[in-house]
Amino acid sequence: MLSSDQLGPKWDCLLGSKGLEDKEGPRGGGSGLPPPDCFPGSWRLDVGLDCKGSPEGAEARAWTAYYYSLLQSCLQQAGLPETQDRSQVPRTGCPGAEVTLCILGSPSTFLSVLLEGGVQSPGNMLLCLSPAWLTKVPAPGRPGEAALLVSKAVSFHPGGLTFLDDFVPQRQATYFLVGLGPGPGQGREAAELARDLTCPTGASAELARLLEDRLLTRHLLAQRGGVAVPATLAFTYKLPTLLRGGDGSPGLRLVELSGREGQETLVKEEVGAFLHSEALGDALQVAIKLSSWRWRGQQALRLHPRAEVGTVADTVVALLEKLEEEESVLVEAVCPPARLPSPGNPPPGPELAMRICAVVCRTQGDRPLLSKLHLVESDPNHFASQLVQTFIHFDVTEHRRDEENARLLAELVRARGLQLDGCFSYWDDCLVLTALLCQELGLPCSPPAAMRLAKQKSRTQLHLLRCQGPPWPSPSLHAVPCCPLESEADVERAVRQVPLPGVMKLEFGAGAVGVRLVEDALQCHQHFSRIAHDLQGEADHPGIGLGWGNSMLLMEFIEGTEHDVDLVLFRGKLLAAFVSDNGPTRLPGFTETAACMPTGLAPEQEAQLVQAAFRCCLGCGLLDGVFNVELKLTGAGPRLIEINPRMGGFYLRDWILELYGVDLLLAAAMVACGLRPAVPPHPRASGYLVGVTGLVSQHLQVLRSSASQEALQVLHDRGLLRFNQFTSLEEAQVPGEYEEPYCSVACAGPSPAEARLRLLGLCQGLGIDGPHYPVAHFLSHFK
């Protein structure tokens, strides 16, 4: 599911896109083959998709095969069995006597309906993957009406069982639902099948045209429903019928144009009056977009400061050339996101990126597991060089040469006669190199292109924003607008495209080093200049990704609670997921302060986060491995912060092992060797852990006295707390703006409240809690 399009900001785009008729494919009146079949998973393809008596052309057959693969991928993602082909033995029955609920559309769009139909009416819920599987015949005694007959379909049964069936004689549909969005039920042929039937139908082309018109929807909501909508100025060419002659709507001004050309003066007058009106309130930006059913699902959007009257007017005039009758150009207020107040503390340091260079494999019962360890490391004197069977000294710090280094490493492995079953890494910087080496040696791994996509934060978001489905819900729902930054000119462009306040961070960064909340354009320029001066290369701050460069990105600031989702994926299937909650950060920085596991969210919200994380990984092509996905849960659902295409860092592996008995390290090793990890699909935690991080800038005195490494380790050994040390005290003493956490201190309990109270008392006794580091505030999300 990787895009071959050139990556870049998508908010000033698609102004030359063709209408829907030009992109529907053969079933919508256009032409062309479907996208390459790159759905995750494996299944049989030698199934009987041809319909006897109704042959398809080559392109139509390709589309049918495409949607059959999509169905199998959706079933596998849901943990359901593959469709069984029994079309060689046609189904018989009593024509006209049975209930026949037929859907012609994308499998991913209607999967939940199909599965429920299979439970409530087994064998009578049918999915047609091609219009050729249906026949329309005149209805006896009902002039002008037609019956719809089903020759072939996928039938749904309890337990998610599905069968590819032929029907002799044909079954007559008693209800027909056609998908008029992207999918096989799109276009003229599907719309014609749904017209003038004797049975009830669930959609029509006419209805789709109404529902997909933003201007009409906004007008009806404001005028008849009393719903507040953003202040909107609409330029329309030949007003839609439903908007003619009615009263005005609050906050919505309609300007009907006599033509698409020669409107510059009128547009400039209307735009100027609108931008200076009180209707916009305190909005600082306006968005310009197209409105009609032809433009649904397309990001034809531009953002401009409210003060730029001439630029906004010119943009509207340019868009008018694209309009057809009853279509509109909208200029609307950009509503700023809600913001939490800053505690007023000094800028905190960044998070720590965990680097694990060598491990001893053990089972879940902490028993040694014999295996041959081979280590590649840049430091010839690394302590682990004496702990492994084979040590290869190789400089891997310059990651812009990963392809060349992968070839050289593969030659070294072959020269030493090493017979490897797998290769994996836990260090962010080496993940792409690892994937390239696996590709060279023919070892299991997610594709290098997927690792590159996940490694560069802006590419992740911009790629997912374009993943409009199928399958649905598409990962674009969770992606966040952003813009890559490599120069001051990029910063100037970005502040016009990304709503502020925003978050600036390093493209390839780790541990939240350099991540900062920016309120306006001046702060964006100042932070970009500061990073460009302070963090130029690996030597300036080892281990945070500067070996990939110091380019940055600006992304929209998303309000909500922050969570980590650690996933175990094998061949595109979700085997296990572990969700934890994070406490509020010390703005304007984003260093982690506190965490709780398992999550305190309701099961429905937890499931939303898991599915969002899973779909974002699949959307980037990450099919095999252990991945850490950072998300925020907002009022509109989960939004993606970033994907870490490796096991979660900090304390996460230890906490998950303690609470669930699942070792992510062992799971990652097994997946790397092509083995399915033995993890419970729905693990249950044995209790709760609540922890806080320690910072040298805030706790240096107590870390040298009451909360020294020795004192904390003694308390850990006695079972009074859980102590995870991330770095040495000396290495953690860096400038406050770029520091990384020194450690994590956590307490266990049978409930989050009890664990929180134990931790708060412990932090007060050790001196970790204080006016400048209010632990009670950091733990307030876990009540």
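This briefing describes an open sheet and the helices associated with it in a predicted model. Local features need pLDDT of at least 70 and side-chain atom pairs count only at pLDDT 80 or more, while totals for chains, interfaces and linings use all residues. Residues are numbered from 1 along each chain as its sequence is written, and side-chain values use heavy atoms, with hydrogens and water left out.

**The sheet**
- Eight strands, in the order β23-β22-β19-β20-β21-β24-β26-β25, form an open sheet with antiparallel pairing (two strands pair if DSSP finds at least two bridges between them; strands are DSSP runs of E, at least two residues, and helices runs of H or I, at least four, numbered from the N terminus).
- β23 (637–644) and β25 (722–725) stand at the edges with a single partner strand each, so one side of each has no neighbour in the sheet.
- Strands β19 (residues 561–570) and β22 (residues 625–634) pair in the antiparallel sense over nine bridges, and D564 stands opposite E630 in β22.

**Helix α19**
- Helix α19 (residues 752–766) has 15 residues and reaches 21 Å from its first C-alpha to its last, close to the 21 Å expected at 1.5 Å a residue (the expected span is 1.5 Å times one less than the number of residues).
- A755, R756, L759, L760, L762, C763 and L766 of α19 are buried, whereas L757 and G765, on the face turned away from the buried side, are exposed (buried means under 20% relative accessible area, exposed over 50%, partly exposed in between, with a 1.4 Å probe and protein chains only).
- Just after α19, G767 takes a positive phi of about 90°.
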